Amino acid sequence: IDGYRLVSRSIRILESLTGMPVKSFRAPNLVLPRYYVKVLAHMGIEIDSSIATYKPPFIRKPYTEANVLRVPVSLTSSILRLPLRIVTRILKLMKTRVLVLFVHPWEFIDMRGRVSRVDCTFSTGAEALRKLHDILVYLKSRGYRFVTMSELLELLRL
């Protein structure tokens, strides 16, 4: 199946499940060939986070491409499961007014002994949930405001 049909089929499935139009997108592993950005635009996607500040080409701030706002993910979820003192040091070094964090649902299940990749086993389950809570409390104390991707799109359009 070609990429266009795969992306459009995925979006149609999500829309049928939610009964709502899909407006944001993130490709698996934060890898989306640039020519697919036009496909996203054609499908009505307005915001995409299939790029990361820590992956080539190391995009640091949001930009528009083919009428799609591309917002880089700031930190991998594995970093968010490190000790809070390390995460806060990393966050202090980041010079961005837009911070995009993501986690996977499986990270809130204790994965020890279930998978072989070390980055998928440490600090999962209740520990991951506690760490995410602590990071959000820290960010709130630093004046960060939490918004949905749709709200971010409107804020950046101003």
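These legends walk through a few close-up views of a predicted model.

**View 1. Helix H1 from end to end.** H1 runs over residues 3–18, which makes 16 residues. Count 1.5 Å a residue and you'd expect a span of 22 Å. The C-alpha atoms at its two ends sit 23 Å apart, so the expected and computed values agree.

**View 2. The two faces of H1.** Look for Gly3, Val7, Ser8 and Ile11: these are the buried residues of the helix. They cover an arc of only 125° around the axis, so they end up on the same side of H1. Why can residues spread along a helix point the same way? An α-helix has 3.6 residues a turn, so residues three or four places apart do just that. Now find Ser16 and Leu17, which are exposed and belong to the face turned away from the buried side. As for what covers the buried residues, that includes strand E1 (24–25) and helix H2 (36–42).

**View 3. How H1 starts and what comes after.** At the start of the helix, a side-chain oxygen of Asp2 gets to within 3.0 Å of the backbone nitrogen of Tyr4. Just after H1 comes Gly19, with a positive phi of about 70°.

**View 4. Ser49 and its surroundings.** Ser49 belongs to the loop between strand E2 (47–48) and strand E3 (63–65). Is Ser49 buried or exposed? Its relative accessible area is 3%, and because that is under 20%, Ser49 counts as buried. Its side chain reaches the backbone oxygen of Val71 at 2.8 Å. Leaving out residues up to four places away in sequence, Ser49 touches several others, among them Phe25, Leu30, Val100 and Met149.

Key
Residues numbered from 1 in each chain as written. Predicted model: local features only at pLDDT ≥ 70, side-chain atom pairs only at ≥ 80, totals over all residues. Heavy atoms only, no water. Helix = DSSP H or I, 4+ residues; strand = E, 2+ residues; numbered from the N terminus. Buried < 20%, exposed > 50% of the residue type's maximum accessible area, 1.4 Å probe, protein only. Polar contact = N/O pair within 3.5 Å; in protein donor to acceptor, adjacent residues only side chain to side chain. Contact = heavy atoms within 4.5 Å. Expected span 1.5 Å × (residues − 1). Arc of directions from axis to C-beta.
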